Amino acid sequence: MQNIEIFTDGACKGNPGKGGWGALLVTDGHEKELFGGENDTTNNRMELRAVIEALLILKRPCHIIVYTDSQYVQKGISEWIHGWKARNWRTASKEPVKNADLWKELDAAQAKHTIEWRWVRGHAGHPGNERADQLANRGVETL
């Protein structure tokens with residue numbers, strides 16, 4: 001199984017507002033940059049979109065380490081999602097899960113892979129995270 005590191009980030013100018021997402025995929029010394037943008041979105045949606053888009057371009061199952069500066073993404077996919085699914089996409093307080101459409105998309109996109117989810121502090125000089133941040137901002141600029 002191929003080993004891949006994925007660094008992701010989301011950006012939003014206004015929240016909600018114009019948003020961008022970025023992902024850097026690294027494997028065997030090769031890199032692939034991805035980015036895009038959406039109007040009238042939120043930072044959390046862009047954080048999710050970055051991971052989804054990175055996973056969707058992979059053609060076969062891989063062992064992946066995802067680095068994100070979003071605790072929302074890291075905790076959501078590794079901890080909270082199990083309860084949400086058990087409660088039919090409701091929170092513990094019985095409210096609908098925010099961004100359920102993207103959480104469902106991420107859940108499906110990750111299913112065929114073995115993934116370690118790692119949180120890194122944003123804007124703290126982590127090279128992969130800084131690159132993903134630059135890509136997310138490029139995504140905003142495409143709008």
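Here are four short exercises, each with a worked solution, on a predicted model.

**Exercise 1. Following the strand pairing**

Work out which strands pair with S2, and in which sense.

*Solution.*
- Start with S1 (2–14) and S2 (17–27). These two pair in the antiparallel sense, over 10 bridges.
- Now check some residues across that pairing. Glu5 has Val26 as its bridge partner in S2, and Phe7 stands opposite Leu24.
- Look at the link: a hairpin of 2 residues joins S1 to S2.
- Move on to S3 (30–41). S2 and S3 also pair in the antiparallel sense, over 10 bridges, with Ala23 opposite Leu34 of S3.
- S2 and S3 form a hairpin too, with 2 residues between them. In that turn, take a look at Asp28: its phi is positive, at about 45 degrees.

**Exercise 2. The other side of S1, and how S2 sits**

Find the sense in which S1 pairs with S4, then explain why S2 counts as largely enclosed.

*Solution.*
- S1 and S4 (62–68) pair in the parallel sense, over 7 bridges.
- Pick out Phe7 again: its bridge partner in S4 is Tyr67.
- For S2, count buried residues, meaning those under 20% relative accessible area. You get 10 of 11, so S2 is largely enclosed by the rest of the structure.

**Exercise 3. Mapping the nonpolar cores**

Identify the best-connected members of the largest nonpolar core and the elements that supply it.

*Solution.*
- The largest core has 31 residues, and the ones touching the most other members are Ile6, Leu55, Ile64, Trp103 and Leu106.
- Next, see where the core comes from. At least two residues each are supplied by S1, S2, H1 (43–56), S4, H2 (71–86), H3 (100–110) and S5 (114–119).
- H1 gives the largest share, with 7 residues.
- Zoom in on Leu55. Skipping neighbours within four places in sequence, Leu55 is in contact with Ile6, Ile64, Leu106, Ala109, Gln110, His113 and Ile115.
- Don't miss the other core, which lies apart: it has 8 residues, among them Val26, Ile65, Tyr67 and Val120.

**Exercise 4. Describing the largest pocket**

Describe the largest pocket by its volume and its lining.

*Solution.*
- The volume comes to about 170 Å³.
- There are 13 lining residues, and those closest to the pocket's centre are Gln2, Ile4, Leu25, Thr27 and Leu58.
- S1, S2 and S3 are the elements that each give two or more residues to the lining.
- Sort the lining by type and you end up with 6 nonpolar, 3 polar and 4 charged residues.

Technical notes: Residues are numbered from 1 along each chain as its sequence is written. This is a predicted model: local features need pLDDT of at least 70, side-chain atom pairs count only at pLDDT 80 or more; totals for chains, interfaces and linings use all residues. Side-chain values use heavy atoms; hydrogens and water are left out. A nonpolar core is a set of buried Ala, Val, Leu, Ile, Met, Phe, Trp, Tyr and Cys residues joined through side-chain atoms within 4.5 Å. Buried means under 20% relative accessible area, exposed over 50%, partly exposed in between (1.4 Å probe, protein chains only). Helices (H or I, at least four residues) and strands (E, at least two) are DSSP runs, numbered from the N terminus. Contact means heavy atoms within 4.5 Å. On a 1 Å grid over the protein atoms alone, a cavity is a set of points where a 1.4 Å probe fits but cannot get out, and a pocket is an open set with protein on both sides within 12 Å along at least five of seven lines; lining residues have an atom within 4 Å of a point. Grid points are joined across faces, edges and corners, and a volume is the space filled by probe spheres set on the points. Ala, Val, Leu, Ile, Met, Phe, Trp, Tyr, Cys and Pro count as nonpolar, Asp, Glu, Lys and Arg as charged, and the others, Gly among them, as polar. Two strands pair if DSSP finds at least two bridges between them.
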